[in-house]
Structure formats: C-alpha cells, structure tokens
2 protein chains.
Amino acid sequence: MEIELSKRQEKILEIVKAEGPITGESIAEKLNLTRATLRPDLAILTMAGLLEARPRVGYFYSGKTANQLMGEHVRNLYVRDYKSMPVVVQEDTSVYDAICSMFLEDVGSLYVIKKEGQLAGVISRKDLLQAAMGKQDLHTMPVGVVMTRMPNIITCQPDDTLFEAALSMMRHEVDSLPVVRPFADRPGEWEVIGRISKTTLVKVFVELGQP
Amino acid sequence: MEIELSKRQEKILEIVKAEGPITGESIAEKLNLTRATLRPDLAILTMAGLLEARPRVGYFYSGKTANQLMGEHVRNLYVRDYKSMPVVVQEDTSVYDAICSMFLEDVGSLYVIKKEGQLAGVISRKDLLQAAMGKQDLHTMPVGVVMTRMPNIITCQPDDTLFEAALSMMRHEVDSLPVVRPFADRPGEWEVIGRISKTTLVKVFVELGQP
C-alpha cells in the first residue's frame, strides 16, 4: 500500500533528499519550472508529512515515508473514542433468552456478568449455534454452561489503541472484545464498559476513507 | 496523517476558517500579537498548503487537509486484491450440513449455488441460528428454505473499491459480501469468485497501521 505520488512529486522528493534544506525557488530552478507551478506539489508533499518547511530555510526531507505517516495516524486512534454499548446478560440467563437478546439487540456477542457486575464470560453466535444443535432444553440451560469464561476472555481497555484491539481480534480469532476497567475495590475483577467489534473497525475504515 | 500544529497555529487556522479572506494585520489584532510575531506561523501554514495568501486580499483557508490524502489512499484499495476464498454449498444441502460446513471452515456466511454454479443465496450464522431454534428437523430442511435469495443479495465485484464494499456492508448490515462476476453466456446470472468480510477489513486496518 503506497501513496501514489506523481512523477514530478517523486522528483521533488529526490532533490530535497539530496540537497535539502533547499528553497522552493531552487527546486523550481532545477526542474526548469516556475515557483508557482510547483506550489501545489510542495503543499501536498508537506501536508503528507514527507517534506517539512521552515521559513527562510526552505524544505527538508522529514525522513518518514508516506506509509509510516499513515501507520502513525492509524495507531493513534483509541478504544475509548470508538467503543459502543455492551450488551450484557446475567450468568443465570437461559441460552434461549440469550439467543433472543442477541437477535433483539442485533449483536454478534453477549457479555455475561455476575450479580455484582463483574465480567464472567463471553458468548458468541457460534457458541449459541453449537448449543442450539445439542439435545438439551435451551430454556433451562444457563449461558454459564456455553460461555467462554474468565480468565480465558480476550479483553481491551479504554486507553488501548484500536490498532492493538484489531491485532488482538485477529490473533485470537474473536469477533468482538469487551472493553473493561478494573473495579477500584475488587482486585482481579473487571467491569464491562463497552465493546469493540469488527463492525467498529469497518466503521473506522469507512471514516478513514471519507472524501 | 495529522500535521502537528502549535496552539497558536491552530488558532490562526480557526480565525481564517471563520473570517477569511482576512489580512495578516487583522489576524494579529485578534490575537493581540504583532504582525512580525505571526509571520513565521503564517509562512508555515501557507507552505503547508493549509492557508493560501493572495496579495491585497489576505489569507484564506485552502480547504485541504492531511485527512483528504489519507482518504484518497484508503479509497484506492480494490476488492480484487483482498478477496478471500468463498465457501459454497449446493441449494439442496441440509441446514444441518450447512452448520457443519460453517464450523469446519470457520466462516460467518456461506454462499449457496445452483447446479450450474450460479449464485442462488447467502446464509449467515444468524439464519442458521434461527433455523436451529425452530421445531423442524435440520437434517431434512434444505438451506434454500432459510437463505437470503437472489435478487436480494448484496454483492460486490472485483473492480469495486474496498471502501465501497465496506460502505455497502454497513448500509445493508451484512457481515460479508460475495464477490461475483457475470457469466459470459448467461445474462443475469453470477459466478461467485470470492468473499469480502468484516474480517477482511480488520486485516486491512491492521495492515494500514503497520509500523
């Protein structure tokens, strides 16, 4: 994934890499163009962070590639700014009711909490489908039986980056991560305060691509 | 790609956005600074392409941002370069076997094809979960009964951008799109040649964020 530069922009980059700091006038001279013709190219290269400009000194090469700058931007988005509402159920909820909640709320995973609010487990559509295929009565089977339990749950925290959350989802092959924070007074227990799902990341992708 | 601006430069941008075209003197006045103090900031903002300066008119906002460049990059990725293998089943496959395929292949949706290979329908985990909740025998119920049928299927084509595919998934609230191409000899019928899923887009997000 390369940012597309024009032939002329590539040439400008080469000149600045070799001779920077260099004024816009000198670059124009080397290319046999007017300063005015070059202005948009220099603006784009500067905006993209490839060149830096210092008044009365001129342009110099930032040493960063376009992809590095793109990466920096993407790694600068935080879970706290993108998390959505979690859908939670109590541990003694029946698998049947959990399936209904999932359809009603139209989410791909439910977070299971204990009476005091701490995270106990995660249930995915896959878990529920597997349960529904079995012979047991879904009305009497509690979700506690089919959920993934703490401490095997992959979570994220508000100050994690979206990039870390995305990596974690890919690595652990899960469709969503509960966003948690520790209870102040109960060490080792976590409160669920949000969710980051693959849908969250598709939305961010669309946001990044906005014209 | 964010250009790092100083607090003062941000303020100048705000003023010019709100009141431009505006002279350097007027900006200086509003900020209670001398024109000379502002000169370097104005030079940087102009060189960066964020402001434009016209003699005897003043500064105005160029309307271009670093995010525009990011957007252009994101909108320049194509379905053909990111599609993964589709998992297909025949129309007369039982719901039970479809569920097994879904678990075996670990995908969120299956594409249903007719004998001659053309796309007939799409089945999601949700469709299968709904079927599994019913009273009917999953071994004898064909997937044709629970699938979303042509022409109600949201598809994409190899030359679409990933951005268009992502928008389409968000708009229609689906987890994946079959990538299709028309049969040369059978107008109105489509061959499934790949899939784009939310997972595809999470992978691309991770790729964009690579250091």
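**Exercise 1.** Classify Arg8(A) as buried, partly exposed or exposed, and then describe its salt bridge with Asp41(A) in this predicted model.

*Solution.* Step 1. The relative accessibility of Arg8(A) is 34%. The value falls between the limits of 20% and 50%, so the residue belongs to the middle class. Arg8(A) therefore counts as partly exposed.

Step 2. Asp41(A) has a relative accessible area of 8% and is therefore buried.

Step 3. The side chains of Asp41(A) and Arg8(A) form a salt bridge, with a distance of 3.0 Å from N to O. This pair connects distant parts of the chain: Asp41(A) belongs to helix 3 of chain A and Arg8(A) to helix 1 (residues 7-19) of chain A, 33 residues apart.

Step 4. For the structure over all chains, the number of salt bridges is 22.

**Exercise 2.** State which parts of chain A are tied together by the salt bridge between Arg80(A) and Asp159(A), and classify each partner by its accessibility.

*Solution.* Step 1. In this salt bridge the closest N and O atoms of Arg80(A) and Asp159(A) are 2.8 Å apart.

Step 2. Arg80(A) is located in helix 5 (residues 79-82) of chain A, and Asp159(A) in the loop between strand 6 (148-149) and helix 8 of chain A; the pair therefore ties together parts that lie 79 residues apart in sequence.

Step 3. Arg80(A), with a relative accessible area of 39%, is partly exposed. Asp159(A) is exposed, because its relative accessible area is 55% and the limit for that class is over 50%.

**Exercise 3.** Explain why the salt bridge between Asp106(A) and Lys126(B) joins two chains.

*Solution.* Step 1. The side chains of Asp106(A) and Lys126(B) meet at 2.5 Å, N to O, in a salt bridge.

Step 2. Asp106(A) lies in the loop between helix 6 and strand 4 (109-113) of chain A, while Lys126(B) lies in helix 7 (residues 125-133) of chain B, so the pair joins two chains.

Step 3. Both partners are classified in turn: Asp106(A) is partly exposed at a relative accessible area of 36%, and Lys126(B) is partly exposed at 26%.

Step 4. A network is also present, in which salt bridges with shared partners join Arg125(A), Asp175(B) and Lys198(B).

**Exercise 4.** Describe the interface of chain A and chain B by its contacts, its buried area and the residues on the side of chain A.

*Solution.* Step 1. In chain A, 52 residues are in contact with 54 residues of chain B.

Step 2. The two chains bury about 5300 Å² between them, and 78% of this lies on carbon and sulfur atoms.

Step 3. Between chain A and chain B there are four salt bridges. One of the salt bridges in the structure joins the side chains of Asp175(A) and Arg125(B), at 3.4 Å from N to O. Across the interface, 10 residue pairs are in polar contact.

Step 4. Several elements of chain A each supply at least two residues of the side that touches chain B, including helix 3 (35-47), strand 1 (51-54) and helix 9 (198-208). The largest share, nine residues, comes from helix 9 of chain A.

Step 5. By residue class, the side of chain A that touches chain B contains 34 nonpolar, seven polar and 11 charged residues.

**Exercise 5.** Identify the residues that touch the most other members of the largest nonpolar core, and list the contacts of Phe205(B).

*Solution.* Step 1. The largest nonpolar core has 41 residues; Phe205(A), Leu162(B), Ile196(B) and Phe205(B) touch the most other members.

Step 2. When residues up to four places away in sequence are not counted, Phe205(B) touches Val74(A), Leu77(A), Leu162(A), Phe163(A), Ala166(A), Leu201(A), Val204(A) and Leu208(A).

Step 3. Another core, of 40 residues, lies apart from this one; Val89(A), Val107(A), Ala131(A) and Leu138(A) are among its members.

**Exercise 6.** Decide whether Ser197(A) and Tyr96(B) are buried or partly exposed, and give their contacts beyond four places in sequence.

*Solution.* Step 1. Ser197(A) lies in strand 8 (residues 186-197) of chain A. Its relative accessibility is 6%, so Ser197(A) counts as buried. Its contacts are Met169(A), Asp175(A) and Ser176(A).

Step 2. Tyr96(B) lies in helix 6 (residues 95-105) of chain B. With a relative accessible area of 28%, Tyr96(B) is partly exposed. Its contacts are Met133(A), Leu138(B) and His139(B).

Technical notes:
Residues are numbered from 1 along each chain as its sequence is written. Chains are lettered from A and ligands numbered from 1 in the order in which they are written. This is a predicted model: local features need pLDDT of at least 70, side-chain atom pairs count only at pLDDT 80 or more; totals for chains, interfaces and linings use all residues. Side-chain values use heavy atoms; hydrogens and water are left out. A nonpolar core is a set of buried Ala, Val, Leu, Ile, Met, Phe, Trp, Tyr and Cys residues joined through side-chain atoms within 4.5 Å. Buried means under 20% relative accessible area, exposed over 50%, partly exposed in between (1.4 Å probe, protein chains only). Contact means heavy atoms within 4.5 Å. Buried area is the accessible area (1.4 Å probe) that two parts lose on being put together, summed over both. A polar contact is a pair of N or O atoms within 3.5 Å; within protein, one must be able to donate a hydrogen and the other to accept it, and residues adjacent in sequence count only if both atoms are side-chain atoms. Helices (H or I, at least four residues) and strands (E, at least two) are DSSP runs, numbered from the N terminus. Ala, Val, Leu, Ile, Met, Phe, Trp, Tyr, Cys and Pro count as nonpolar, Asp, Glu, Lys and Arg as charged, and the others, Gly among them, as polar.
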